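I opened the file to look up how the strands pair and what packs against them. The entries follow in the order I made them.

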Amino acid sequence: MKVEVVGKNGFTPSDANKEYAVKKLTKLEGLIADYENVSARVVCKVYKAFHKVEVTIPTKNIILRAEVEETDIYAAIDGAIDKLMKQVRRYNDRTKDKLGKKGIRSVEMGVPPKDERIVRDKNVDLEPMTRDEAIDQMELLGHDFFIYLDKETRKTNVIYVRNDGDYAVIETTTK
């Protein structure tokens with residue numbers, strides 16, 4: 001796995017911080033397919049009362065992401081790796097019985113914002129999936145919405161969690 005460890009908010013990760021993150025990420029080696037060709041980005045931030053670590057790993061079938069706040073940078077790294085391991089295990093368990101299921105393939109990183117109000121651009125490859133598969137992907141990512149290509153209608157849809165906890169789908173049409 002290729003690992004990039006960067007700092008933000010005035011924090012510069014030391015070599016020891018970087019080595020620790022790389023060492024901890026090796027826990028995922030047996031869990032992620034094509035581990036050697038996957039890249040991980042670890043962002044370490046410092047605030048007055050805590051450290052924050054964000055880890056993002058775009059793989060072929062899913063984007064793994066964890067964010068943890070702790071008083072110690074090493075504890076934050078440990079917490080983020082633990083979250084990632086839970087995500088991978090959950091994904092592997094869910095897909096064991098559903099051969100051929102695929103989620104988001106990739107995200108283009110480092111695209112500069114085109115507007116001052118837009119702080120991040122994401123591009124996703126839409127994979128055909130059912131509503132249930134889209135719900136699984138959304139829950140695995142920990143998001144409250146998910147964009148997918150409906151397997152039956154071949155239309156781009158957005159599924160989201162309503163305030164009452166139920167799910168809703170926005171189906172797109174073209175004119």
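I began with the middle of the sheet: β2 and β3 run antiparallel and are joined by six bridges. I count two strands as paired if DSSP finds at least two bridges between them. Helices (H or I, at least four residues) and strands (E, at least two) are DSSP runs, numbered from the N terminus. The link from β2 to β3 is a hairpin of four residues. For one register point I noted V43, whose bridge partner in β3 is E54.

This is a predicted model, in which local features need pLDDT of at least 70 and side-chain atom pairs count only at pLDDT 80 or more, while totals for chains, interfaces and linings use all residues. Residues are numbered from 1 along each chain as its sequence is written, and side-chain values use heavy atoms, with hydrogens and water left out.

Next I looked up β3 and β4, which pair in the antiparallel sense over eight bridges. A hairpin with four residues between the strands connects them. V55 has A66 in β4 as its bridge partner.

I then checked β1 against β2 (residues 39-46): the two pair in the parallel sense over seven bridges. K2 stands opposite S39 in β2.

Put together, the four strands form an open sheet with mixed pairing, in the order β1-β2-β3-β4. The edge strands, each pairing on one side only, are β1 (2-8) and β4 (63-70). From one strand to the next the twist averages 15 degrees. Axes here are lines fitted to C-alpha atoms, for helices over the stretch in contact, and angles run from 0 to 180 degrees between N-to-C directions.

Is β3 enclosed or open? I found β3 largely enclosed by the rest of the structure, because seven of its eight residues are buried. Buried means under 20% relative accessible area, exposed over 50%, and partly exposed in between (1.4 Å probe, protein chains only).

Which helix packs on the sheet? Helix α1 (residues 15-25) does, touching β1, β2 and β3 (51-58), where contact means heavy atoms within 4.5 Å. The direction of α1 makes about 140 degrees with that of β1.

Last, I turned to F145, which lies in strand β6 (residues 145-150). F145 is partly exposed, with a relative accessible area of 44%.
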